[in-house]
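Q: I'm new to reading structures, so please pick one part of this model and walk me through it slowly. I'd like to see how its pieces fit together.

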Amino acid sequence: MQLDYRVKIHRLISLIHQAGKVLALTGAGISTESGIPDFRSRNGGLWVRFDPAEIASVQALKRDPATFYRFHLPWWQTCLKAAPNVGHKALAQLEKAGWLLGVITQNIDGLHQAAGSQRVWEVHGHLRNCHCLGCGQIYELKQLYQSFFCTQCGNLLRPQVVLFGDPMPPDYFTAEKVLSGCQLLLIIGSSMQVQPVANLPALARQVVIVNREATPWDDYAELVFHESAGQVLKDLVAGLQGKTGPYFFA
Ligand SMILES: [Zn+2]
């Protein structure tokens, strides 16, 4: 049965009131409202046209850096130019107000921090910098727009994002620890298709899903919103602040 949207928002507010430890797990869907395309969306997602293991792997980078960077640099540029939207800002507000412990994110765009979130675990890395595969020298990511090679030793530069074939970064293992004892996990804008992150909800006692498309966790969730992440989070913040936004009079 599809519950009325307003009833679901009220239930979500009650769940948060009752829960001791609340975390969010975000994916590309929260950033599409900032103009960053979702690689895995059904309509025209890049992964539909390219095999991710081929185009976003360490092997692909080493084998053919020019092709690798020709594919990735334009959309990283889109990420770097993007601004946080109402969904990112709502999560930052929830943390500041003490309702949310922090955000585990699959996104590399840095928009949670840009919105003011303090505790962010980036389980797929980030775009703040890149480093040399030879000497380890760290550069700002924009260096890649000048050259793919280290000015110190001439070896190949790579981004601090997790590529296929990479081990998971320390933030992933911290996220696993942080999820221990988590009462409520808000899954926002993720279709939960990518391992090992797709298994993380099993560590929380309850999950609520806000995602436009169905996820493998929908049947397990207390509540499922197939709506805009920004709208749901905005209404959640308004509800927790005791304000009944215009929606509630509709
Ligand atoms: Zn180097």
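A: First, a bit of vocabulary: two strands count as paired if DSSP finds at least two bridges between them. Keep in mind, too, that this is a predicted model.

Let's look closely at the small sheet and the metal site. The sheet is open and has three strands, in the order β5-β4-β6, and their pairing is antiparallel. At its edges sit β5 (138-140) and β6 (157-161), each with a partner on one side only. If you ignore direction, neighbouring strands here are turned against each other by 40° on average.

What holds strands like these together? Strands of a sheet pair through backbone hydrogen bonds, and that can happen in a parallel or an antiparallel way.

Now zoom in on one pair. Strand β4 (residues 125-132) and β6 are joined by four bridges and run antiparallel. Here's a spot you can find by eye: Cys-130 stands opposite Pro-159 in β6. A helix joins in as well: α6 (residues 65-81) packs on this sheet, where α6 touches β4 and β6. The direction of α6 makes about 45° with that of β6.

Follow β4 to its end and you reach residue 132. That is handy, as Cys-132 is one of the residues that hold the zinc ion. Which atoms coordinate the zinc ion? They are the SG atoms of Cys-132, Cys-135, Cys-150 and Cys-153, at 2.3 Å. Along the sequence, these donor residues follow the spacing C-x2-C-x14-C-x2-C.

What about the geometry? The four donor atoms subtend angles of 96 to 117° around the zinc ion, so the arrangement is tetrahedral. To count that way, all the angles have to lie between 85 and 135 degrees. For reference, the ideal angle for four tetrahedral donors is 109.5 degrees.

Are these cysteines buried or exposed? Take two of them. Cys-132 has a relative accessible area of 2%, so Cys-132 is buried. Cys-135 comes out at 44%, so Cys-135 is partly exposed. The cut-offs behind those words are under 20% for buried and over 50% for exposed.

With cysteines around, you may be wondering about disulfides. A disulfide is a covalent bond between the sulfur atoms of two cysteines. How many disulfides does the structure hold? The count is zero.

For contrast, here's a cysteine that is not on the list of zinc donors. Cys-182 lies in the loop between α9 (170-179) and β7. Its relative accessibility is 1%, so Cys-182 is buried. Setting aside neighbours within four places in sequence, Cys-182 touches Lys-21, Leu-23, Leu-203, Ala-204 and Arg-205. Cys-182 and Arg-205 are 23 residues apart in sequence, yet 6.5 Å apart in space, C-alpha to C-alpha.

How values were computed:
Residues numbered from 1 in each chain as written. Predicted model: local features only at pLDDT ≥ 70, side-chain atom pairs only at ≥ 80, totals over all residues. Heavy atoms only, no water. Donors = N, O, S within 2.8 Å, 3.2 Å for Na, K, Ca; no water. Tetrahedral: all angles 85-135°; square planar, octahedral: opposite > 155°, others 65-115°. Buried < 20%, exposed > 50% of the residue type's maximum accessible area, 1.4 Å probe, protein only. Disulfide = S-S within 2.5 Å. Helix = DSSP H or I, 4+ residues; strand = E, 2+ residues; numbered from the N terminus. Contact = heavy atoms within 4.5 Å. Axes fitted to C-alpha atoms, helices over the stretch in contact; angles between N-to-C directions.
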